[in-house]
Amino acid sequence: MRARRLFIAAAFVACCASAAPSVAAEDVRFKVATTFTILADMASNVAGDHAEVVSITKPGAEIHDYSPTPQDIVRASDADLILYNGFNLERWFEQFLAHLGDVPSATLSDGVKAIPIAAGDYKGMANPHAWMGLEGAEIYVDNIRDALVEHDPDNAEAYRDNAAAYKEEIHDTIAPLRERIAEIPASQRWLVSCEGAFSYLARDFGMEELYLWPINAERTGTPQQVRKVVDGVKKQNIPAVFCESTVNTSPARQVARDTGAHYGGVLYVDSLSAADGPVPTYLDLLRVDAQTIADALHKRRE
């Protein structure tokens, strides 16, 4: 496939040669397509200038039950490698991949020690949001590196160097965030969210977790789910609740109203924002989430 793209590019340059004799054939970089924006940002950091990285889904998309468009298929059709999360996160991906023929793919959650989903239709299955924990993030970077090295060995040394540097960045970003959360009294160190997407982050930050639904699926924000969380917030005297950027925040706001807790704001987990938004990179996502959580939990209940 890469050879085909090189041939097309060379043919285009050849056609234009008489009009612009100084134009030289451009290198067509190795192309990587990822299933969502967070993986694209991670892959871009490992790839550096040696590969083009695109996300199939756009910033702000809800990725669990995403419906790929014909344009998505076109954007990924000339990819040399597809990177996806796995752990049953992208329930649309298997059918999507079938449209792309024999493009190689890599599962970035391979090797992660999964936290099982505690309740609901997916009880016992792996919580798929493993990039939200330090150990998981480092494994994702290693898997990206290994896939790039395997399929684009000419740039293997650069991929290895970039991956090592990026893992240090992730570690240096998470360490002070963990310290900030640790300043919160243990009894108040609860993370209440809409989707149970923060299990890995809660584990790393020494937090207890409570959520309305375990994973974005068919049943979200039901009266039973709201009642369960209202009871938990009252019992534990939890000062704040949050919701994710890609789902309806109404159930979390109802919990806040019914308990007197503070609605702490939006957290980001499944998608980055646009470049001019609050979380254009994965490291920004970690910083914004930790700051939002810490600020809200430090605030006294009104």
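Is R180 buried, partly exposed or exposed? With a relative accessible area of 25%, R180 is partly exposed. Welcome to this predicted model, where the charged side chains make a good starting point for a tour. Side chains of opposite charge can pair when their charged atoms come close. In this structure, the count of salt bridges comes to 11, and a few of them are introduced below.

**D72 and its surroundings**

- D72 has its place in helix α3, which covers residues 70-77.
- Because its relative accessible area is 0%, and buried means under 20%, D72 counts as buried.
- A polar atom of the D72 side chain lies 2.8 Å from the backbone nitrogen of T69.
- If you leave aside neighbours within four places in sequence, the residues in contact with D72 are I56, K58, Y66, S67 and F96.

**The salt bridge between K58 and D72**

- One of the contacts of D72, K58, also meets it in a salt bridge between side chains, at 3.9 Å from N to O.
- This pair links distant parts of the chain, as K58 sits in the loop between β2 (51-55) and α3, while D72 is in helix α3, 14 residues apart.
- K58 has a relative accessible area of 47% and is therefore partly exposed, whereas its partner D72 is buried at 0%.

**The salt bridge between K31 and D78**

- The side chains of K31 and D78 also form a salt bridge, with a distance of 2.7 Å from N to O.
- Here too, distant parts of the chain are linked: K31 belongs to strand β1 (residues 30-34), D78 lies in the loop between α3 and β3 (81-84), and the two are 47 residues apart.
- K31 counts as buried, with a relative accessibility of 7%.
- D78, by contrast, has a relative accessible area of 21%, so it is partly exposed.

**The salt bridge between R180 and E183**

- R180, the residue from the opening question, forms a salt bridge with E183, and the closest N and O atoms are 3.5 Å apart.
- E183 counts as exposed because its relative accessibility is 53%, and exposed means over 50%.
- Its partner R180 is partly exposed, at 25%.

**A network of charged residues**

- Which residues are linked in a network of salt bridges? They are D142, R145, D146 and K167.

Notes: Residues are numbered from 1 along each chain as its sequence is written. This is a predicted model: local features need pLDDT of at least 70, side-chain atom pairs count only at pLDDT 80 or more; totals for chains, interfaces and linings use all residues. Side-chain values use heavy atoms; hydrogens and water are left out. Helices (H or I, at least four residues) and strands (E, at least two) are DSSP runs, numbered from the N terminus. Buried means under 20% relative accessible area, exposed over 50%, partly exposed in between (1.4 Å probe, protein chains only). A polar contact is a pair of N or O atoms within 3.5 Å; within protein, one must be able to donate a hydrogen and the other to accept it, and residues adjacent in sequence count only if both atoms are side-chain atoms. Contact means heavy atoms within 4.5 Å. A salt bridge is a side-chain nitrogen of Lys or Arg within 4 Å of a carboxyl oxygen of Asp or Glu.
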